[in-house]
Amino acid sequence: MRFILKTLLIAAAAYGLLLFLPFWSAALAAFVIAAAMSRRRRKKLYGKSPAKPWAFWSGFVGVALVWGIHAWVLDSANASLLSGKIAQMLTSKASVPGFGPAMMLLLTTLIGGLIGGMGALTGNLLGEAVRN
Amino acid sequence: MRWLKFLFSALILGLLLYALSSPLGPIPFALGNFLNPYRGFWQNAEPETPKDSEPLVLEGLQQSVEVVFDERFVPHIFAENEHDLFFVQGYLTAKDRLWQMEFQTHAAAGRLSEIVGPGPNGAVLNFDRTMRRKGMVYGANQSLAGFESNATTKLVINAYTEGVNSFIGSLKPADYPLEYKILGYKPEAWTTLKCALLLKYLSDMLAGGDDDLENTRMRALLGQNTFETIFPDFPRNVPPIIPAGTKWDFKPAIVPPVPANYAPDSLLAIVPETPRNKNLGSNNWAVAPSKSTTGHAILANDPHLSLNLPALWYEVQLHAPGYNAYGVSLPGSPCIILGFNDSIAWGATNGSEGVADYYRVKFKDASEQEYLSPEGWKKTTLRVEVIGIKGQPSMLDTVRYTDLGPVIYDKRFGDQPFPIAYQWMGNQIGNELLTFYSFNKAKGYSDYLQGLQSYVCPAQNFIFASTQGEIALWHQGRFVNYWKDQGKYLLDAANPEHRWQSFTPFEDHPHVYNPAQGYIASTNQQPTDNTYPYHYVGGYDYTRAPRINTLLSNSAQVSPDMMKQFQLDNYYVLAEQLLPLMLSGLDSTRLTSIELRARNYLKGWNYTYIRGAQGASIFEKWSSQLYEDIWQDEFDPMESPKMWPSWSTTMDILKDSIEFSFYKNIQTGLMTNRNALLQQSFREAVAALEKDEPDPAQWTWENSKRTDIRHLSRSLPAFSRMDMHTDGRKAVLNATDKNWGPSWRLVIDMAYEPVAWGVWPGGVSGNPGSHRYDSFVDDWAAGKYYLLWKMKSAADKSREVRFRQQYNAR
């Protein structure tokens with residue numbers, strides 16, 4: 001539940017900031033939310049805590065959603081005209097078969113996810129460091 | 001430990017963000033910015049079906065303006081006053097074409113290196129320097145002074161500029177046109193100077209540079225006699241624009257005699273190659289009511305220019321009280337440039353004479369502060385050109401100006417030991433904008449005449465037809481009253497007789513009104529026959545003029561549909577005149593089976609360059625091989641700048657001479673005659689064709705020539721339309737070549753309410769992410785026309801409307 005809440009909060013914050021700020025604001029949103037929602041790590045009995053990868057994935061999914069859905073909405077209204085041309089432009093030096101609009105959407109989603117994920121992970125680690 | 005983890009993670013995050021915000025490797029943009037769907041390229045993915053939008057308030061408008069977008073999304077602007085009309089023309093043009101407007105004016109001003117870098121081998125930087133050294137910005141300032149000296153055109157460019165800036169001011173980074181995002185820069189404010197620069201850009205394309213230095217070198221190398229034989233001033237047997245025998249209705253001014261001890265300069269200038277496209281061309285013709293099936297005058301125009309996306313032209317209707325014009329405009333310039341209104345239609349073809357001259361300059365000393373003029377030593381004006389280069393420090397170039405114009409070549413540019421100054425008609429003050437404005441509003445022939453007066457450069461053949469049934473043509477520009485051969489070779493800045501002494505009076509410019517033959521046709525051929533009292537030299541058409549004159553004189557009555565067929569005509573006069581002679585030179589007993597097949601294709605060919613014609617490809621290959629076999633051995637080893645003989649001259653020589661000194665191969669020393677040359681070049685041509693494709697049935701014209709409509713940057717195939725299958729060739733009426741072709745086709749029947757058809761190879765929008773980017777291209781390539789809709793008012797319901805947009809004053 002907490003993971004879903006965090007993911008949605010990151011998505012909402014990222015969306016709000018992206019309307020006014022450049023792409024890195026998505027990382028900022030994930031960072032702030034993750035830091036604010038981080039918790040003091042419980043004493044481990046043994047082995048490593050399973051919490052850390054979740055911190056990354058909430059940011060990843062949150063921002064990937066906000067990037068992927070928006071790109072997808074624009075792309076469908078445009079009938080994938082531009083994404084096809086951009087895909088062709090990016091692969092003009094070395095032809096990559098099958099690199100088309102779908103790959104542009106995937107690439108956009110992944111890059112968004114990566115920005116959000118790293119932002120959230122870093123925010124979480126900061127929160128943990130401060131609280132411990 | 002936890003802090004360490006945090007710092008490590010923060011470092012990775014920092015690196016990631018840094019990588020995403022900087023251009024990586026060969027990609028000029030930052031991936032994070034570019035892919036961000038809230039600001040990057042996705043924002044330029046325009047919805048396929050635009051929606052009606054709310055009225056928009058535009059600061060600066062005086063009253064409300066309504067814009068109606070027709071079924072092809074062509075805007076029809078309805079304003080209550082002319083200020084608002086041009087304001088909204090600027091606003092809408094910028095909305096659709098901002099990047100193109102800025103790119104072309106940057107090109108004119110020699111500022112391309114600023115946005116794309118110096119280019120491979122410094123090609124872009126060299127282009128920028130050439131533009132600076134031609135004095136393009138100086139010339140644009142001269143033009144602007146001309147526009148501003150007239151209250152009307154001053155209002156027009158100011159309003160247009162306000163409109164463009166109103167649009168630029170509304171832009172957030174997310175809204176920047178795609179090319180800005182790819183190249184990573186921002187639009188700057190528009191200025192009235194940029195309007196002038198845009199027109200200067202076209203002027204330079206049509207009338208910039210000249211062959212003076214090439215002529216000088218060729219004459220010096222070949223000797224006067226040979227030079228005159230292989231570079232005659234005019235092609236033979238071409239009907240001039242003003243029908244031969246037309247009586248001149250003026251008393252000519254005194255034409256200056258050739259100076260007593262004149263001898264052409266023989267300087268072998270070493271200047272950088274400045275490739276000028278000599279295939280530039282255009283068609284326009286008109287028939288009188290007596291020769292038309294409709295009983296009205298009919299006019300046709302198609303300017304042949306560089307084929308690009310975004311397209312050169314922007315189709316629009318401009319409507320305000322006292323103003324109702326329709327046609328194509330140039331993004332960056334107000335008014336309709338080619339089109340029609342309720343009373344008249346006009347079109348243009350390039351005038352094609354040389355209007356630039358080069359002068360040898362003598363500086364007093366190495367400081368270059370004084371040069372020798374006819375009045376003694378005079379001060380030069382210094383202009384230091386600062387050329388910005390993306391990713392590198394700026395380059396400074398010192399350019400000296402004489403009273404003739406800038407020193408274009410010297411030891412700093414072109415490695416030229418003798419400084420050479422450039423005097424260009426395009427740097428003279430006139431008011432071309434007033435001409436177009438007057439045409440837009442003209443009610444008849446006298447308004448058209450009035451409008452022509454202020455026109456200076458580039459010289460054009462302005463054709464005219466009216467609803468009154470008149471047809472006319474004026475060859476208009478500003479022309480020097482030259483002595484014979486003045487301006488053909490390099491001149492001397494210190495010699496008073498070498499200077500421009502006077503201009504020919506407007507009334508004396510070649511013109512014709514309602515000629516007895518019932519038609520007028522111009523295809524960039526020479527304007528007059530040899531009864532014209534003034535001297536001029538230029539590069540003139542010799543293939544399209546004979547063809548259109550044949551078509552028009554052979555038709556008793558011409559219909560609008562026939563006018564369209566003429567524009568799409570692919571018949572090549574040169575092939576008609578030359579191929580029978582070429583075939584007669586072949587000895588069929590010495591031909592192989594594939595050569596016989598090739599010959600049979602040629603024998604069955606009707607001289608038309610249509611897609612499926614094998615004959616066209618074979619003739620093309622054979623004739624170019626023949627040309628090479630005659631000239632290449634002599635001309636290849638010559639140093640630049642050089643000129644090659646025209647096809648017209650080559651054909652005349654082949655027709656006239658079985659033996660000719662240039663037939664000899666100077667490398668092998670073998671003397672050869674015409675038939676041997678024909679046989680040899682045919683063999684080579686067939687072998688070359690066979691090497692690429694063994695089956696002669698596949699040697700169709702569309703497999704030899706494809707048309708590429710390239711993105712203006714010339715480096716983005718994804719935004720271009722490549723490999724298009726088209727009929728035609730340069731030098732036929734349908735001059736659709738690889739990168740050049742008919743950029744706007746108009747046919748108009750001048751009925752009481754004119755009926756017009758038109759098409760152009762582009763689309764309304766300059767955004768590659770828009771479905772309106774290239775929406776006319778396929779119909780253009782297929783030779784289709786659209787019935788144009790000049791709306792009577794914004795409420796005109798006679799045809800379908802896509803959507804409307806209202807702009808309100810604050």
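Pro310(B) sits in the loop that runs between strand E6 (308-309) and strand E7 (314-320) of chain B, and in this predicted model the peptide bond that joins Leu309(B) to Pro310(B) is cis, with an omega of about -10 degrees. A second cis peptide bond leads from Ser640(B) to Pro641(B), where omega is near 0 degrees, and Pro641(B) has its place in the loop between H18 and helix H19 (647-656) of chain B.

**Loop residues with a positive phi**

The backbone of chain B also has non-glycine residues with a positive phi, including Asn121(B), whose phi is about 55 degrees, and Arg714(B), whose phi is about 60 degrees. Asn121(B) belongs to the loop between helix H4 (112-116) and helix H5 (123-133) of chain B, while Arg714(B) belongs to the loop between strand E23 (707-711) and strand E24 (721-724) of chain B. Are these residues buried or exposed? Asn121(B) counts as exposed because 8 other C-beta atoms lie within 10 Å, and Arg714(B) counts as exposed because 12 other C-beta atoms lie within 10 Å; the cut-off for an exposed residue is 12 or fewer.

**Strands E7, E8 and E9**

After the loop that holds Pro310(B) comes strand E7 (314-320) of chain B, and E7(B) pairs with E8(B) in the antiparallel sense. The hairpin that these strands form has two residues between the strands, and in this hairpin Gly322(B) takes a positive phi near 80 degrees. Strand E8 (residues 323-329) of chain B is mostly covered, since six of its seven residues are buried. E8(B) also pairs in the antiparallel sense with strand E9 (residues 338-340) of chain B. The table sets out these pairings together with one from another part of the chain, and gives for each a pair of residues that stand opposite one another.

| Strands (chain B) | Sense | Bridges | Opposite residues |
|---|---|---|---|
| E7(B) and E8(B) | antiparallel | seven bridges | Val316(B) and Gly327(B) |
| E8(B) and E9(B) | antiparallel | three bridges | Tyr326(B) and Phe340(B) |
| E11(B) and E17(B) | antiparallel | five bridges | Ala356(B) and Trp424(B) |

**An open sheet of four strands**

Strands E11 and E17 of chain B take part in an open sheet of four strands, whose order is E16-E17-E11-E20 and whose pairing is mixed. Which strands form the edges? The edge strands are strand E16 (407-409) and strand E20 (491-492) of chain B, each of which pairs on one side only. Strand E11 (residues 356-360) and strand E17 (residues 420-424) of chain B are joined by five bridges and run antiparallel, with Ala356(B) opposite Trp424(B).

**Helix H17 and its surroundings**

In helix H17 (residues 593-603) of chain B, the residues Glu595(B), Ala598(B) and Leu602(B) are buried. Why do they lie on the same side of H17(B)? They cover an arc of only 60 degrees around the axis, and therefore they share one side of the helix. This fits a general property of the α-helix, which has 3.6 residues a turn, so that residues three or four places apart point the same way. The face of H17(B) that is turned away from the buried side carries the exposed residues Ser593(B) and Lys603(B). The cover over the buried residues of H17(B) includes helix H16 (573-584), helix H18 (614-635) and helix H20 (674-692) of chain B.

**Chain B as a whole, and its contact with chain A**

Chain B has 22 helices and 29 strands. Its radius of gyration is 28 Å, close to the 28 Å that the globule rule gives for 810 residues, so chain B is as compact as a globular protein of that length. The C-alpha atoms of chain B fill a box of roughly 90 × 75 × 70 Å along the principal axes, and 52% of the 810 residues count as buried. Among the contacts in chain B between residues at least 6 apart in sequence, 72% join residues at least 24 apart.

Where the chains touch, 34 residues of chain B are in contact with 36 residues of chain A. On the side of chain B that touches chain A, the elements that give two or more residues are helix H1 (2-20) and helix H2 (31-35) of chain B, and the largest share, eleven residues, comes from H1(B). By class, this side of chain B has 21 nonpolar, eight polar and five charged residues.

Conventions
Residues are numbered from 1 along each chain as its sequence is written. Chains are lettered from A and ligands numbered from 1 in the order in which they are written. This is a predicted model: local features need pLDDT of at least 70, side-chain atom pairs count only at pLDDT 80 or more; totals for chains, interfaces and linings use all residues. A residue is buried if 20 or more other C-beta atoms lie within 10 Å of its own, exposed if 12 or fewer, and partly exposed in between; C-beta atoms are placed from the backbone. The arc is that of the directions from the helix axis to the C-beta atoms. Two residues are in contact if their C-beta atoms, placed from the backbone, lie within 7 Å. Ala, Val, Leu, Ile, Met, Phe, Trp, Tyr, Cys and Pro count as nonpolar, Asp, Glu, Lys and Arg as charged, and the others, Gly among them, as polar. The radius of gyration is taken over C-alpha atoms; the globule rule is 2.2 Å times the number of residues to the power 0.38. Two strands pair if DSSP finds at least two bridges between them.
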